[in-house]
Amino acid sequence: MQKSTRNIPSILLLILLGTMCLLPGLMLLQFDGETLSAAENRSLAALPDIPTDAESLVAWPTRFESFVADHFGFRAKLVRMYNLIHMKAGVSPISRVRVGKDGWLFLEETWLGETNRGAHPFSDRQLENLVESFELRHRYLDSRQKLLVVFPVPDKNSLYPEFLPDSVKIVGPSRFRQFRKAARNAGFHAVDSLLALETAKQNGEAVYYKTDSHWNCRGAWFGYLALMAKIREVGYQGGRILDESEINFNRLEKPHNTDIVHNLLNLSGEFQEPYSFTCNPNMSADIKATRPSDGQSFDYIYSAPPPKEHRSYRRSEPRDRSRVLLYRDSYANAMVPYLIHSFDEVIYAAPTDVMGFDPADVERYDPDLVIYQFVERILIYPPVDDLLRAQPANINPLASSQRAVSNPVQIRNQAGIYQWGEKITFGNQGNSRPYQNGGWTTPATPLVTWTQGANASLAVDFSEINGPVTMRVKIKPLVSPGKLDHQQVRVFVGPENVGEWLVSFNNFHTIELVIPGGLFNPSGKTDIKFALPDAKTPQSLGIGTDLRVVSLAFMSIEFERTGDNDES
């Protein structure tokens with residue numbers, strides 16, 4: 001009896017250890033289907049379907065392992081603890097964040113490690129192409145009696161280099177400074193926002209967050225003043241410049257969850273942001289915020305739309321009928337209160353392609369003034385002017401001064417109706433441009449177009465669909481043995497996930513997928529999206545110097561009606 005009593009602590013310890021080992025796995029049974037992590041700003045691996053063929057059976061163990069790694073019990077708390085321990089030690093737990101001096105945090109990508117510190121500057125030709133692109137846009141708008149103002153904004157590291165970690169060595173002029181210098185004598189109007197922000201900083205103003213990748217609304221105010229000064233300088237008299245007395249600037253004392261701390265590090269509430277402000281207009285105005293695509297209205301007028309969505313802010317009682325089209329990124333979000341009280345109508349828009357320009361937006365909104373705002377880090381992407389260069393001669397009065405478009409497939413087919421049996425081809429000699437709906441690079445070769453970013457989509461108008469459709473894609477993945485063995489691809493038709501692939505064969509090959517006919521839009525375009533969570537820059541894998549985030553090289557895609565679709 002005494003011996004069995006002595007064994008009780010050991011038995012209890014074994015039970016405790018067993019429970020601790022089993023509990024994280026048992027908590028997988030509570031999986032609710034959620035695959036989006038707001039804290040990590042990424043998509044988590046989904047629970048793989050039961051294998052139905054040999055190919056999916058081979059891929060299933062790897063996909064299930066990824067699912068378990070993303071969803072095991074207490075994962076979020078363990079990730080948070082891991083990140084917190086590293087940050088308290090002054091070491092970043094993730095590659096996307098650099099820990100600077102005095103608690104400053106910097107967003108890291110190829111730009112901070114390469115372009116923004118001068119290690120990967122523009123070549124003469126790259127800089128010339130960028131300047132020529134804005135000159136082309138300027139001439140196009142000028143021919144329509146509209147003004148263009150280019151509004152580049154520096155990243156935080158360009159304004160506060162003294163807080164960069166010692167590991168980041170400035171070795172030459174950044175791409176931003178190269179462009180800033182070239183723009184002074186170029187054939188377009190550009191705002192020198194760096195000078196305005198540096199002046200404000202020298203006057204004791206805190207213009208960027210310490211733990212966020214953006215400027216704060218105080219910094220946005222000085223950017224706004226520089227923008228409005230340039231607008232007046234080039235002769236546009238519409239709208240009015242707000243006075244500082246019309247804005248209530250208040251410094252926040254409570255913790256503020258910034259994009260780096262909250263979205264990337266999952267450490268909300270752990271770090272105090274000392275440079276948070278509220279910047280609220282103290283004047284009243286009847287301003288309507290609506291989404292032009294469907295007329296949806298929004299009660300709160302001081303928020304910016306999602307990245308790819310357009311939004312119109314219009315005064316109910318116009319003063320001078322000034323109308324501004326603003327191409328922008330997230331840096332323009334903090335400027336909403338200033339701009340919508342300055343002009344009678346402001347349309348927040350975003351180009352389909354990064355650094356792109358769509359003349360259809362100019363025709364649709366008919367603005368007096370176009371502002372093209374972008375942040376420094378975007379300069380890793382080349383300008384995209386396909387749509388502008390493809391304007392027919394009878395529409396585009398600049399045709400004589402532009403490079404001729406000799407290939408008719410480069411002219412955008414506004415209808416975008418797919419003809420059964422047609423092969424959609426890629427590259428700069430292909431016919432895919434009318435169908436592309438974001439997420440594609442500007443092709444540099446005749447036959448191939450790479451995807452760009454974590455998603456690439458096509459918008460295709462199909463006719464006479466009565467049953468399943470077979471989609472065939474000819475692709476090649478970005479892979480590197482030992483570093484990136486495959487590209488995971490999720491295929492969506494509209495909101496429905498219709499297939500998932502692990503693409504590892506490093507050569508062009510064809511993959512087929514049968515899609516239920518009921519998923520296609522019978523009265524318009526169907527959105528076909530390729531979600532690409534493994535997209536990387538070739539440079540990060542040691543494959544050349546390309547800084548674009550890519551995943552798949554597309555050569556062709558085609559659709560075939562099967563079964564009930566066949567015509568008798």
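Biologist: What makes strand E19 and strand E22 count as paired, and in which sense do they run?

Modeller: Two strands pair if DSSP finds at least two bridges between them, and strand E19 (residues 487-493) and strand E22 (residues 525-531) share 4 bridges in the antiparallel sense, so the definition is met. Within this part of the structure, Val493 stands opposite Ile528 in E22. Strands here are DSSP runs of E with at least two residues, and helices are runs of H or I with at least four, numbered from the N terminus. This is a predicted model, in which local features need pLDDT of at least 70 and side-chain atom pairs count only at pLDDT 80 or more, while totals for chains, interfaces and linings use all residues. Residues are numbered from 1 along each chain as its sequence is written, and side-chain values use heavy atoms, with hydrogens and water left out.

Biologist: Which strands are called the edge strands of the open sheet, and what makes them so?

Modeller: The sheet has 4 strands in the order E17-E22-E19-E20, with antiparallel pairing. Strand E17 (455-461) and strand E20 (496-503) are the edge strands, as each pairs on one side only.

Biologist: Is Ser457 buried or exposed, and how do you know?

Modeller: Buried means under 20% relative accessible area and exposed over 50%, with partly exposed in between (1.4 Å probe, protein chains only); Ser457 has 8% relative accessibility and therefore counts as buried. Ser457 lies in strand E17, and, not counting residues up to four places away in sequence, its contacts (heavy atoms within 4.5 Å) include Tyr435, Trp440, Asp527 and Ile528.

Biologist: How do you know what helix H6 should span, and how far apart are its end C-alpha atoms?

Modeller: The expected span is 1.5 Å times one less than the number of residues, so the 20 residues of helix H6 (residues 124-143) should span 28 Å, and its end C-alpha atoms are 28 Å apart, which agrees. The buried residues of H6 include Leu127, Leu130, Phe134 and Leu141, and the buried residues of this helix pack against several elements, among them strand E5 (147-153) and helix H8 (175-183).

Biologist: What makes a set of residues a nonpolar core, and which residues have the most contacts inside the largest one?

Modeller: Such a core is a set of buried Ala, Val, Leu, Ile, Met, Phe, Trp, Tyr and Cys residues joined through side-chain atoms within 4.5 Å. The largest has 87 residues, with Met335 and Tyr338 having the most contacts inside it, and helix H10 (residues 217-233) gives the most to this core, with 9 residues. A second, separate core of 30 residues includes Tyr418 and Phe520.
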